[in-house]
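I opened a fresh notebook page for this one and kept the entries short. Pull up the structure and follow along with me.

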Number of protein chains: 2
Amino acid sequence: MVHNFNAGPSILPKEVFEQASRAIVDYNGTGLSILEIGHRTALFQEVVDEAMATARELMKLDSDHELLFLHGGASTQFFQVPMNLLNEQDTAAYLDGGVWGKKAIKEAKLFGKVEVVASSKDRNYSYLPKGYRIPENASYFHYTTNNTIEGTQMHSIPETAVPLIADMSSDILSRVMDFNRFALIYAGAQKNIGAAGVNMVVVRKDILGHVSRPLPSMMDYREHIAAGSLLNTPPVFAIYVCMLTLRWLKQLGGVSAIEAINDRKAALLYDTLDRLPVFRPTVAKEDRSKMNVVFVMDDETLEKEFLAECKANGMVGVKGHRNVGGFRVSLYNAMPLSSVRTLTELMNEFALKKA
Amino acid sequence: MVHNFNAGPSILPKEVFEQASRAIVDYNGTGLSILEIGHRTALFQEVVDEAMATARELMKLDSDHELLFLHGGASTQFFQVPMNLLNEQDTAAYLDGGVWGKKAIKEAKLFGKVEVVASSKDRNYSYLPKGYRIPENASYFHYTTNNTIEGTQMHSIPETAVPLIADMSSDILSRVMDFNRFALIYAGAQKNIGAAGVNMVVVRKDILGHVSRPLPSMMDYREHIAAGSLLNTPPVFAIYVCMLTLRWLKQLGGVSAIEAINDRKAALLYDTLDRLPVFRPTVAKEDRSKMNVVFVMDDETLEKEFLAECKANGMVGVKGHRNVGGFRVSLYNAMPLSSVRTLTELMNEFALKKA
């Protein structure tokens, strides 16, 4: 039994793996592989339709918002967002709350002015800035809802009249949110939506069409909207896996149902960390992420020892990101509570041995 | 038994489907799905390394050329190429030989000047222009080696000192070519390389770094080269399927071996078409594609009847593109000769019945 705590690409539901595996040799009894069906066929249109409808339903999107599946990852959105929304002489506001936000800021500067409203770089992004002011004349305000690398998560949506844009790659669909408050949301699929190789983008139509620069067709959200995400050959299989994963989440009871499970997983792990002095969470308590739990040990030898024990017990993907060190345990939607329990039991035993 | 003549996404080798299907439930005995392994793990590095090495070997690339797997399809390359290679005041030369070339021209115009050296639009791209002059001062010359929609194929590489750029999406690795003569080659994977959702790009390093515009990181070929195609989370599974497909081609004997098979398939089908007056190939004989065979029937009722017979005999994907009508039969690398034989037998019977 392998427990996969990878930060992404990451665990998906077992049923999704089984269904996807079958579809590769025979998609729905057609005698064709899902990999060889044309993207303009009724067979694939059904997949896209269900993926879109289910995502819309799970997010309770209103009719002002369009939903797209696009090529690339969130890194593509780092430049596609300002390319579509930021005029050269205008200013976009960005929160510098982690490595991914910082990368988004770098790309935005190629297209217009950027005002960084606040930064937590001073303490290696181990907390989220608070009490900043978003300039009212900003074209938009961009932030990262969950910082995969540093393990912080923004627990409320900023109050502002400025159009809100969020990179939700690592916590989308993990908790109830008013998604309609956002002008644009993007998320690489490979955590809570499906497999790597596709982006989900939600965009409020009225913010499009206001930049003066000409846009390449493939970068223009409006063209993808008009084409129903089939402007060119889409990443067929990646969208299919999204459809299966979204269907799984819907059958499980949707976002509120998974949130309850995610809360239990995170509570169990953080409680264990807080109880055992050998482990030290690195993040400010109020900013702790329920998706990526980051902690270190004060003794490097102990870290190596615990890492080896994890490995010996079938736990993979727990090594921390090189920027932070220590450990990072990802608790995405598909991670079962039982795996978290196995990990916390190992932590208890380890602490007892070392006490 | 289904015979899949789809133009793309299209048939892949049966072994590839079987191996990919197994890897989704258990990748190489790791107990993990290929969909849940981190892209920075040794497990995935092996996949990328083998995919790149095999592609380089099959194409006999020299050390001046870099090979990349990038997000998006050829449509992304339509703008990424001029963004990286065409200065605003400079001119790129393009051949207008089909719908895809025309789309590439449209995107290039956003970045610099474009000289269309010749066009076959006058006869719905049913032939390839010849005897044109490529201006010596052009930044590059761009053409499409095989026109998927219209069924034409360029059978030799143009002689010019100008850097050659080719969209080889629908015939790459189907025939022996001196790939090193190109400054840049791109191809969506979903015909002869693997599954939809990834692009293969080959680029000669010396042509990069000469444009004055700043490039978004994800659009800059140099950044992807430096990162070994792992600049961000790549389309993991699509690259894995490329690796399997490239391995299959190598084991089969490489490009010259598949070319011999492709020649037999195309000869069988074109000979049948030429022999049976009820079918009429639409393309100038000297420009016929060995990958996409396009033909019509002079009577629309007969077309419907033959289409129904194809369907009844398990042949899918033979309906022509809406731009041309009639039929389009795609003979990509993975299409077995036996399927082409089944089709030509049906054509013979049909012609006999209607004679």
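**Entry 1: a term before I start.** I count two strands as paired if DSSP finds at least two bridges between them. With that in hand I looked at strand β5 of chain A, residues 141-144. I should say at once that this is a predicted model.

**Entry 2: the neighbours of β5(A).** I found four bridges joining β5(A) to strand β8 of chain A (residues 164-167), and the two run parallel. Strand β3 of chain A, residues 91-96, also pairs with β5(A) in the parallel sense, here over two bridges. Which residues stand opposite H142(A)? In β3(A) I looked up Y94(A), which stands opposite H142(A). In β8(A), I noted I165(A) as the bridge partner of H142(A).

**Entry 3: the side chains of β5(A).** In a regular strand the side chains alternate between the two faces of the sheet. I checked this strand: F141(A) and Y143(A) point one way, H142(A) and T144(A) the other. Are these four buried or exposed? All are buried.

**Entry 4: W100(A).** From T144(A) I moved on to W100(A), since T144(A) is among the residues that W100(A) touches. The others I listed, leaving out residues up to four places away in sequence, are A74(A), N147(A), T148(A) and D167(A). W100(A) lies in helix α4 of chain A, residues 99-108. I count W100(A) as buried because 21 other C-beta atoms lie within 10 Å, and the cut-off is 20 or more. I also took a distance to A260(A), which is 160 residues away in sequence: 27 Å, C-alpha to C-alpha.

**Entry 5: the domains of chain A.** The domain assignment gives domain 1 as 14-252 and domain 2 as 254-354. Their centres, taken over C-alpha atoms, are 27 Å apart. Where they meet, I find 24 residues of domain 1 of chain A in contact with 24 residues of domain 2 of chain A. On the domain 1 side, β6 (146-147), β7 (152-153) and α6 (236-252) of chain A each supply at least two residues. The largest share of that side comes from α6(A), with three residues. By class, I noted nine nonpolar, 10 polar and five charged residues on that side.

**Entry 6: how the two chains are related.** I superposed chain B on chain A: a rotation of 180° does it, with 0.0 Å of shift along the axis and an RMSD of 0.0 Å. The two copies are therefore related as by a two-fold rotation axis. Which C-alpha of chain B is nearest the axis? That of S21(B), 2.2 Å from it.

**Entry 7: the interface.** I have 48 residues of chain B in contact with 48 residues of chain A. The elements of chain B that give two or more residues to its side are α1 (14-25), α3 (74-85) and α6 (236-252). Of these, α1(B) gives the largest share, six residues. The chain B side has 24 nonpolar, 21 polar and three charged residues. I also see that 100% of the interface residues of chain B are interface residues in chain A, so the copies meet through the same surface.

**Entry 8: F237(B).** This residue is found in helix α6 of chain B. I was curious about its contacts, and among those I listed are A195(A), G197(A) and F237(A) from chain A, with I34(B) and L35(B) from chain B. F237(B) counts as buried because it has 31 C-beta neighbours inside 10 Å. Its C-alpha is 9.5 Å from that of V198(B), 39 residues apart along the chain.

**Entry 9: β9 of chain B.** I finished on strand β9(B), residues 184-188, where five of the five residues are buried. L184(B), Y186(B) and G188(B) point one way and I185(B) and A187(B) the other. Strand β8 of chain B pairs with β9(B) in the parallel sense over three bridges, and I165(B) stands opposite L184(B). With β10 of chain B (residues 199-204), β9(B) pairs in the antiparallel sense over five bridges; there A187(B) stands opposite M200(B).

**Entry 10: confidence.** Chain A averages a pLDDT of 97, with 100% of its residues at 70 or above. For the model I noted ipTM 0.97 and pTM 0.98.

How values were computed
Residues numbered from 1 in each chain as written. Chains lettered and ligands numbered in written order. Predicted model: local features only at pLDDT ≥ 70, side-chain atom pairs only at ≥ 80, totals over all residues. Buried ≥ 20, exposed ≤ 12 C-beta atoms within 10 Å, placed from the backbone. Least-squares fit on C-alpha atoms with pLDDT ≥ 70 in both. Contact = placed C-beta atoms within 7 Å. Nonpolar A, V, L, I, M, F, W, Y, C, P; charged D, E, K, R; others polar. pLDDT = per-residue confidence, 0-100. Domains from an automatic or database assignment.
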